[in-house]
Amino acid sequence: MDLGLDPSLVQVALHQAQSTLRVNKEALALIHELAAAKAQGARPLKIYAMSNIAKEHMDIVQALPSFPWPVFDRIFTSFDAGMRKPDLSFYRHVIQETGCNPSTTLYLDDKSENICAGRLLGLRGEIVDPDQRTRAFNIVRNLLLEDASLRAERFLHMHAGKLDSVISMPGKDDIVLKDNFAQLMIWGLTGMEDIVYLTWPDGIITRAQEEADMMDTTSPTPISDASCSPSPAPSPPSSSTSPPSSPSPSLHHFEVKPTLWNYFTHSSPILTTTTFPPDIETTSIAYLTITPSHPNYHLLSPPSLIAEAMFAIRNKDGHFETYFSPDRHGRVSPEVCVSVLRCLNKFSSSGQIPDLPSLDVTDERIEPSKKLVADCLRYRANVYGNRFYPHPESFLYYLAMLCDECRDSSPRLCGELKGELEAALRERLNVPMNALALAMRVRAWQLLGLGRGFVQRDLESLLGMQEGDGGWPAGDFCSYGRVQKQRIGSRGWTTALVCRILKDWGM
């Protein structure tokens, strides 16, 4: 069709349009990284380009300034080959000409039909559309440049002492949060105390002198003002079933100084009351992480007194509550109960409390919380999360740690939980989640000793989230305050968790 246009004008217009092309900065940075790695000979890299493009357009593109064309070992174009993507013949031509092994070749493209064609011939194709570009480039870095675990370890060391948590809220900037909880989790996963910061308790916890006429529960004595004198902790029976016993002392029979662990560090609490009580979960994680051989272990209260304090804050249903405070009753969650059970299992199995029975033994102080955890798993009670933990992954991860730790000490409980836990994890496979929740899911699968093949897609998704500095996004794992849209996450915790996953799988 003759449009009556001067061909020279069309050519000028094309040149002007092509001159406005700009190289994507993120892609350019990756190409420079590949060029540097290739020049150093760190890995035997071969890099090829494959494009549907006319000769005239290719001449203009190759004239773009600052683009490192020499990094490519060869460029295949549709005008030279007489074939176009996604024709399989074009892919076969490139494979034959380069002699590459498709199973060890990474192929990037911005069109799904081209990725499909490449994968049909065995190439590992990854989409590079605007929503997936960062993920695809991270895969390139992990596979071709440097191991993900090495980059992650470097991130942790470079940010030592600064691995803060963050509070995220829609439409607002993240708020930095300094907390003991995530720091203890990072320490436990990596074994590197030197990269975390903590506010250690420096006081004591003692049991008050019991008096029969002090059992008035209508107006409990504030725990910070109670007078008390030391008294040995009661020893639970070691028989298979605990006989009825006298009621455990309630919390107001304790004087609680800064010996129990607080969620927050010495910094003032954020978005809550100006003073914040110690909690049973952070205390549990501290005793799970810090071993008796630690030089500062003497600063902590004896496990027997900690266990007694835990038993003292059970609610009327017998479940462990969250806070060591009479002013914060009713805070119960299955996740917190799992952490307490893990702690009590350690106290028992390590001999730190010789008279504390294993979790396989019926103990009226523990049974209600064990049943709460088992029922939550059996009936998928937290499939939509709960007030404190918005995703089921937190519960599944905590429970996997419990199963792993009580495999020898409480095999019956481990056996009762493991099958249902595996089923719950299978139901969650490939469900899109934030980085921390996804890492928890993969780690839970790993702790159960299940095959990596089933969780491979989740693992690949997780690896694709690694950021340029080697760390992972903060994600989130719990809700904060009364507004569930306030979520807490931690880049340090997520990165440490993925690092541990890769190390334990030899990746």
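These are my notebook entries on what I looked up in this predicted model.

**Confidence**

I began with the confidence of the prediction, and found that the protein averages a pLDDT of 84, with 83% of the residues scoring at least 70. Residues 206–247 have a pLDDT below 50, and I noted that this stretch nevertheless has 67 contacts in the model beyond near neighbours in sequence.

**Overall make-up**

I then looked up the general make-up, and recorded 18 helices and 10 strands in the protein. Of its 507 residues, 49% are buried. When I took the contacts with a separation of 6 or more, I found that 68% of them join residues 24 or more positions apart.

**The cores**

Next I asked which residues have the most contacts inside the largest nonpolar core. That core has 103 residues, and the ones I was looking for are Leu-344, Tyr-398, Phe-477 and Trp-493. Helix 16, which covers residues 435–447, gives the most to this core, with 10 residues. Apart from this core I found another one, of 21 residues, which includes Ile-31, Leu-34, Leu-45 and Ile-47.

I followed Trp-493 further and listed what it touches, leaving aside residues up to four places away in sequence. Its partners include Phe-181, Ala-182, Met-185, Ile-186 and Leu-189, and also Tyr-397, Tyr-398 and Phe-477. Leu-436 and Met-440 are touched by Trp-493 as well, and from their numbers I could place both in the range of helix 16, residues 435–447.

**Helix 11 against helix 12**

I turned to a pair of helices, helix 11 (residues 303–312) and helix 12 (residues 334–349), whose axes come within 11 Å and cross at roughly 145°. I noted the crossing of helix 11 and helix 12 as left-handed. On the side of helix 11 the contact is made by Pro-303, Ile-306, Ala-307, Met-310 and Phe-311, while helix 12 contributes Val-340, Cys-343, Leu-344 and Phe-347. Sorted by class, this contact has 9 nonpolar residues, with no polar and no charged ones. Leu-344, then, takes part in this helix contact and is also listed among the residues with the most contacts inside the largest nonpolar core.

**Ser-350**

Last, I looked up Ser-350, which is found in the loop between helix 12 and helix 13 (367–378). Is Ser-350 buried, exposed or partly exposed? Its relative accessible area is 43%, and because partly exposed covers values between under 20% for buried and over 50% for exposed, I entered Ser-350 as partly exposed. I also recorded that Ser-350 and Ser-409, 59 residues apart in sequence, are 9.3 Å apart in space, C-alpha to C-alpha.

Conventions
Residues numbered from 1 in each chain as written. Predicted model: local features only at pLDDT ≥ 70, side-chain atom pairs only at ≥ 80, totals over all residues. Heavy atoms only, no water. pLDDT = per-residue confidence, 0-100. Contact = heavy atoms within 4.5 Å. Core = buried A, V, L, I, M, F, W, Y, C linked by side-chain atoms within 4.5 Å. Buried < 20%, exposed > 50% of the residue type's maximum accessible area, 1.4 Å probe, protein only. Helix = DSSP H or I, 4+ residues; strand = E, 2+ residues; numbered from the N terminus. Axes fitted to C-alpha atoms, helices over the stretch in contact; angles between N-to-C directions. Left-handed = near helix turned anticlockwise from the far one by under 90°. Nonpolar A, V, L, I, M, F, W, Y, C, P; charged D, E, K, R; others polar.
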